[in-house]
Structures are given as structure tokens and as C-alpha cells.
Amino acid sequence: MGRRTPRDQGPSRGKEATQRLESTDSRPIATDGGVGAPDADSTTRTGPSAQSNGAPTSEVRVSAPTPDAGTAVWASQVRAFAERCLRELSTGTTMLLTLVGTAAGMQLFYGSLWEEMSAAMIASAAIGTGMFGAIYVCLYAFGYLLAGDLEDRRYEAYRSMPIAASADLTGRMVAAGALAAVAFALTLVAGVVTGGTFALRSLASIPVVVLAFVVTCLFWMLVALPVIATAANERLAEYGVPMIAVLGYMLTGFNGANVAISPLQGEVLNYLPNTLSTRLLIYHLVPTGEWAEAGLGPPGPPVGPEYVLLLVAYAIVVLVAGTVVTNRILYERGWWP
Amino acid sequence: MVAVSCIEVTNLSKSFDDGPVLSGVDLTVDEGEVLAVMGPNGVGKSVLFTCLAGSTHPSGGDVTVFGADPTDRSDTTSFLLQDALCSERLTGRENVRYFERLHPAFTDDWQRYADRLGLDALDKRVEDYSGGMTRKLELTIALAIDVPLYLLDEPTAALDLSTIQVVHQLLREKRDAGRTIVLSSHQPMDADLADRIAFVADGRVVATGTPETLFDDVPTVVETRLSNADALSELALADEVYPADGAVRAFLPDADGETAPAGVASSLPSAVSLVDRPTYTDLFTYYTRVVPTTAHDP
């Protein structure tokens with residue numbers, strides 16, 4: 001039989017795959033994590049695919065797992081999910097532009113109305129709107145495609161394959177996160193166009209900014225996950241779930257970027273997942289010493305390690321919850337990989 | 001040579017919110033054979049396949065595939081589930097690319113299968129495919145995964161006759177290479193491919209065996225013109241009169257498939273004649289529509 005060779009620059013994929021099956025797949029990816037438990041891998045019943053002549057056999061072979069192969073397969077599966085999500089979302093140009101450009105468009109519209117507003121206030125509002133855009137993209141991109149897979153019974157096929165549930169989750173998050181980053185960046189550009197100014201508070205701001213953005217994306221994608229996994233409804237995912245972002249944006253005054261218009265007031269704005277990350281981003285990206293005059297307080301800025309730790313705690317909670325939901329509900333495998 | 005079983009199903013049951021779909025299913029599949037699971041639409045074939053593939057946990061009973069619970073181990077099986085494999089928003093080639101990255105046992109053989117099946121619109125989106133084209137793409141993907149066991153749910157549905165012949169040939173090649181194939185179908189012509197057939201009706205396996213042994217148990221078949229169908233109704237076993245080959249047919253309630261006794265032909269009503277050799281349509285009809293109602297155990 002023909003086998004892949006040129007692109008892989010090595011052993012044929014068919015043979016390579018067979019080797020993987022022999023060495024790592026007796027349980028490995030099926031139960032997640034890329035590499036199975038050593039006891040599970042100590043014996044592998046090989047079928048015809050592992051035979052040089054293809055003859056049926058009941059031979060039991062002893063083989064050792066190779067973590068590198070498991071990791072390579074896991075990475076390939078992450079890429080498969082991420083690439084497919086991006087391709088599906090980019091099949092319609094209008095849909096893609098709407099997805100990543102809505103927040104930037106809002107910033108351009110609002111910015112044109114804010115003639116008397118300071119540069120810091122405009123920049124803060126742009127970050128708040130940009131975070132809205134990122135959250136919206138995460139909820140839509142993650143939820144819509146996942147709901148489609150569930151409605152089309154694709155998980156029944158996935159469950160029959162040696163797919164790592166964590167690779168599925170990671171791939172979808174990478175794709176949605178990449179689009180969210182584009183939406184956020186476009187909104188910051190719109191903020192500059194409408195008169196806002198941005199600057200890093202210090203070099204130490206870089207990891208905080210990255211962390212705040214990533215945690216926000218993770219949090220909101222994984223908020224969508226249990227809703228989609230249990231409802232399995234593409235329409236709900238397309239129109240209902242993204243409304244969570246809209247509600248959060250409206251109820252917290254542009255995600256905590258304009259406390260004057262926020263129905264929620266006080267310290268809580270430094271603790272909610274959407275407002276904490278937004279206010280951290282503003283503190284580290286907007287050069288202002290007049291926090292209250294810029295419409296950002298009270299409360300004061302979320303300065304201090306406890307706020308970063310709270311963000312990390314949010315990330316851990318949602319990652320654990322997301323892993324459990326993916327493994328248990330989508331792949332029907334158990335509570336934990 | 002002693003046959004080694006790769007699938008063992010014992011007293012399998014599966015229920016959903018609206019009631020049981022499978023109950024008391026017993027089935028064994030030997031390594032290297034082609035087993036056709038046949039039955040009308042809606043009798044639980046697809047649910048049975050999802051249990052074999054590890055996609056669904058049974059409500060009761062046991063399923064082992066290569067000695068393991070298929071929900072615990074998923075590297076031995078390639079599962080073609082109708083209309084569930086490909087994304088409609090992607091092109092055929094993008095779908096192939098996706099599974100190429102996703103499944104560690106995916107091989108370059110997909111190109112050969114695509115060529116053999118006449119799948120020549122790989123750069124069109126699947127949403128623009130016909131049902132037959134979609135099935136060709138799904139078959140291309142499922143067969144390109146190099147594993148010991150293929151579970152193919154209705155692999156020939158929506159395909160034209162010449163493509164069905166190609167599919168049969170591809171599956172024979174797989175079998176000759178030592179792979180085991182379990183396919184479901186409600187098309188009698190797929191029985192031609194099978195080493196053994198399992199008939200499913202009313203959520204259970206009502207008969208299994210080689211085509212020869214199953215044919216041996218089919219009662220005498222008689223036929224007449226459509227306009228004379230009433231004449232058959234009076235004779236038909238279990239009142240089952242069915243269309244076949246441009247006529248209508250029925251089974252005579254003779255003893256366990258024995259050759260019709262001499263003189264039967266002369267005693268038949270006007271324009272009703274004996275059928276010399278039952279066809280797969282007769283076989284299919286007998287085991288899926290007559291056996292369940294008569295509780296006949298061949």
C-alpha cells in the first residue's frame with residue numbers, strides 16, 4: 001500500500017503510525033494526555049496493522065511507551081483542531097470581519113462622539129471595548145464550532161478515535177484565542193485613531209498584560225463549554241452564548257473601564273473576572289496617574305500581587321472545570337484524564 | 001485454522017430516554033472476516049456500531065474489542081458513522097488534511113482510495129457535495145486509517161451501482177490484507193460481500209451465519225404479478241408479501257427450508273410460481289420481517 005513519505009522526511013506515516021500504535025496507543029491518547037499509564041502499556045495486543053504480512057493474529061506483544069511519540073501526536077491533534085476552527089471561521093469573509101472587527105468598529109463610533117474626553121479615558125474605553133470584543137470572539141468561536149460538532153454527532157466519531165481530550169480543548173482555545181487577540185489589537189488601533197494613548201507602565205507589565213488577556217480568554221471560553229456541552233444547540237451557541245459578553249460589558253461599565261455608567265459599583269469591579277483583567281490591562285497600558293479622573297475609580301487600581309494571584313486562581317478553576325467537562329461529557333471517559 | 005474472535009458482544013442492551021433500542025444482543029466477530037450487519041432502517045444497527053466503536057457506553061451487557069472495553073481503548077478501530085465525519089464548511093481536501101493530523105494511523109492511502117472511488121471534487125466544500133460524494137469522502141477517510149478493525153455504518157448508502165462495486169472491491173482488499181470488517185446495510189446487495197451475515201430486527205440479532213447456511217433455512221419462495229398479489233396473501237408465511245424483481249413474492253410455510261415437496265407447484269393458485277433460487281432480497285426479507293414475527297430460530 002502507498003504510504004506518506006516526502007513531507008515527513010522520515011519513515012512512512014503508515015509505518016510510523018503503526019509504531020505509535022504498538023508503542024504508545026494501547027491506551028495512551030484514548031484516555032488523554034498523550035501517554036498512557038505504564039501498566040496499561042505493558043502489553044499490547046497487535047492486530048493486522050502491526051503485522052508485516054497483514055495476517056490476522058492474536059499475538060500479545062510487550063512494548064514500552066515512547067513519550068516523544070505521544071507528545072508529537074498530541075501536538076498534531078492540537079494543530080488539527082486549531083487549524084480546522086480557524087478555517088471554518090474564515091470560510092465567510094463577512095462573518096470573519098464581523099467577528100474580529102465589531103469591537104474596533106464600536107470604538108471608532110464611540111470615539112468620534114467623545115471630543116472632550118482625555119486621551120487616557122479614550123484609551124481606557126478602548127481597552128474595555130477591546131476586552132468585550134475578545135470575550136465575544138471567544139464565546140462565539142469556541143461555542144459555535146463546538147455546538148456544530150455536537151449537533152452533527154461528530155463526537156461519536158471522535159470518541160472512537162485515539163484523540164486526547166486535552167488536545168481537542170487546547171486546539172479550540174488556541175484558535176479562538178488567536179482571533180480574540182486580533183479583535184483586541186484592532187480595537188487598540190481604533191483607540192489610537194480616536195485619540196487614545198497607550199504605553200507600558202514598566203517591563204514587568206508585559207507578563208501581567210499577557211496573563212490578564214490569556215486568562216480572560218480562557219475564562220470565557222470555558223464558561224461557554226458546559227452550556228454548549230449540555231445544550232448541544234448551534235443556534236444557542238451562535239446567538240445566546242455571546243450575549244454573556246454583552247451583558248457583562250453593559251453591567252460593568254465597559255468591563256470596568258467606565259465606572260460612572262456601571263450599574264455595579266465598588267470593590268467588586270476589581271474582583272470580577274471580566275473587570276479585573278480589563279482594569280489590570282488599563283493600569284499597565286494606559287499612562288495616567290489620575291485613576292479617578294480617568295473614570296476608572298473608585299475603586300482604585302488593582303495593584304498588588306493578590307490581584308494577579310486571583311487571576312491565576314480563575315485560570316486554574318476554569319481549566320480544571322473545562323478539562324472535567326471535556327473528558328466527562330464530550331468524550332465520556334471519566335472525571336479526569 | 002481456529003478462528004480468533006476480535007469482537008465479543010454478550011447480552012448487550014442500550015436504552016435512551018425514549019426507550020430501549022437494543023436488548024439481549026449477542027454477537028461474535030472473527031479476525032479477518034467481513035461481517036454484514038443487516039436490517040431495516042431504525043432497528044438499532046447504528047447504535048450497535050457506536051457501542052462496538054466505543055462511542056457509546058452500553059446500558060447493559062459486555063462488549064470487548066481485541067480483548068478490551070472499546071470505550072477504554074480506541075486505537076484499533078476505524079469507524080465510519082453516517083454523515084458525522086466531515087465538516088460541511090470545509091473542502092474535501094481540508095477534511096482529509098484534518099483527519100491526517102488528528103489520527104495517528106492515517107496514511108497516504110487516502111489518495112488511492114479517492115481515485116478508486118472517483119472522488120474528484122476535493123477542492124469543493126462538502127456542503128456542495130451530493131450524498132454520494134459525501135459518502136465517498138467519508139469512505140476515503142475511514143479506509144485511509146490503518147487499523148485492524150473497520151466498523152462501517154452504511155458504507156454504500158447513496159452510492160451508485162458502479163461505486164458500490166468499487167467499495168466491495170476495496171473492502172475485499174482490506175480483508176485479504178488481514179483486516180476485519182464489520183459493515184451495516186439495509187441493501188441486500190451488500191450481503192454478497194460478507195463472509196457472514198448478522199440480521200438485526202427489533203433491537204436484537206435474530207440470525208447469524210454464512211450466506212449459504214442462512215439461505216438453506218429460507219423457506220420455499222413463490223412469486224406472482226403485482227396485480228395477483230391477493231393470491232399470495234392467502235399462502236404467505238406470516239402474511240408477508242413483498243416486492244422483488246418486478247414481481248411480488250412470499251414464503252410458503254413449509255418445513256424449515258426444505259425443498260418444496262413434489263406437487264406443490266401444481267397446487268399453487270393460477271399465475272403463482274415457485275422461485276428456483278432465492279435472492280438476497282428474499283434472504284433479507286425472511287430474516288428481518290418474517291423471523292422476528294414467527295420467533296423462528298434458524
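**Why these labels fit**

Author: Let's start with C217(A): this residue is buried, with a relative accessible area of 6%. Keep in mind that the model is predicted.

Reader: What makes C217(A) count as buried?

Author: The cut-off for buried is under 20% relative accessible area. C217(A) comes in at 6%, so the label holds. C138(A) passes too, because its relative accessible area is 0%.

Reader: Why is C217(A) not bonded to C138(A)?

Author: A disulfide needs the two cysteine sulfur atoms within 2.5 Å. The sulfur of C217(A) has its closest cysteine sulfur in C138(A), 3.7 Å away, so the gap is too far for a bond. Searching the whole structure turns up 0 disulfides over all chains, and C138(A) is in none.

Reader: How many aromatic pairs are there over all chains?

Author: The count is 22. Take F219(A) and Y314(A): their ring centres are 5.7 Å apart and their planes sit at 70°.

Reader: Why is the pair of F219(A) and Y314(A) called edge-to-face?

Author: Centres have to lie within 6.5 Å, and planes over 60 degrees apart count as edge-to-face. With 5.7 Å and 70°, F219(A) and Y314(A) meet both conditions, so edge-to-face it is.

Reader: What makes this pair a tie between parts apart in sequence?

Author: F219(A) belongs to helix α8 (residues 205–231) of chain A and Y314(A) to helix α13 (residues 305–330) of chain A, so the pair ties together parts 95 residues apart in sequence. Both F219(A) and Y314(A) are buried. Elsewhere, ring pairs join F81(A), Y155(A), Y158(A), Y331(A), Y98(B) and F99(B) into a cluster.

Reader: Over to chain B. How do you know that strand β12 is largely enclosed?

Author: Strand β12 of chain B covers residues 247–251, and 5 of the 5 residues are buried, so the rest of the structure largely encloses it. In a regular strand, side chains alternate between the two faces of the sheet. On one side of β12(B), A247(B), R249(B) and F251(B) are buried, and on the other V248(B) and A250(B) are too, which leaves both faces covered.

Reader: What makes β10 and β12(B) a pair?

Author: Pairing takes at least two bridges. Strand β10 (residues 221–224) of chain B has 4 bridges to β12(B), and the two run antiparallel. E223(B), for one, has R249(B) as its bridge partner in β12(B).

Reader: And how do β11 and β12(B) pair?

Author: Strand β11 (residues 241–244) of chain B pairs with β12(B) in the antiparallel sense, again over 4 bridges. A244(B) stands opposite A247(B) in β12(B). β11(B) and β12(B) form a hairpin with 2 residues between them, and D245(B) in the turn has a positive phi of about 50°.

Reader: Chain B also has an open sheet of 3 strands. What is its order?

Author: The order is β2-β1-β4 (chain B), with antiparallel pairing.

Reader: Why are β2 and β4 of chain B said to stand at the edges?

Author: β2 (19–30) and β4 (60–65) of chain B each have a single partner strand, so one side of each lacks a neighbour in the sheet. Neighbouring strands of this sheet are turned by 15° against each other on average, direction ignored.

Reader: How many bridges join β1 and β4(B)?

Author: Strand β1 (residues 5–16) of chain B and β4(B) pair in the antiparallel sense over 5 bridges. V9(B) has V63(B) as its bridge partner in β4(B). Helix α1 (residues 45–53) of chain B lies across β1, β2 and β4 of chain B, at about 125° to β1(B).

Technical notes:
Residues numbered from 1 in each chain as written. Chains lettered and ligands numbered in written order. Predicted model: local features only at pLDDT ≥ 70, side-chain atom pairs only at ≥ 80, totals over all residues. Heavy atoms only, no water. Buried < 20%, exposed > 50% of the residue type's maximum accessible area, 1.4 Å probe, protein only. Axes fitted to C-alpha atoms, helices over the stretch in contact; angles between N-to-C directions. Contact = heavy atoms within 4.5 Å. Phe/Tyr/Trp six-rings, centres within 6.5 Å; stacked < 30°, edge-to-face > 60°.
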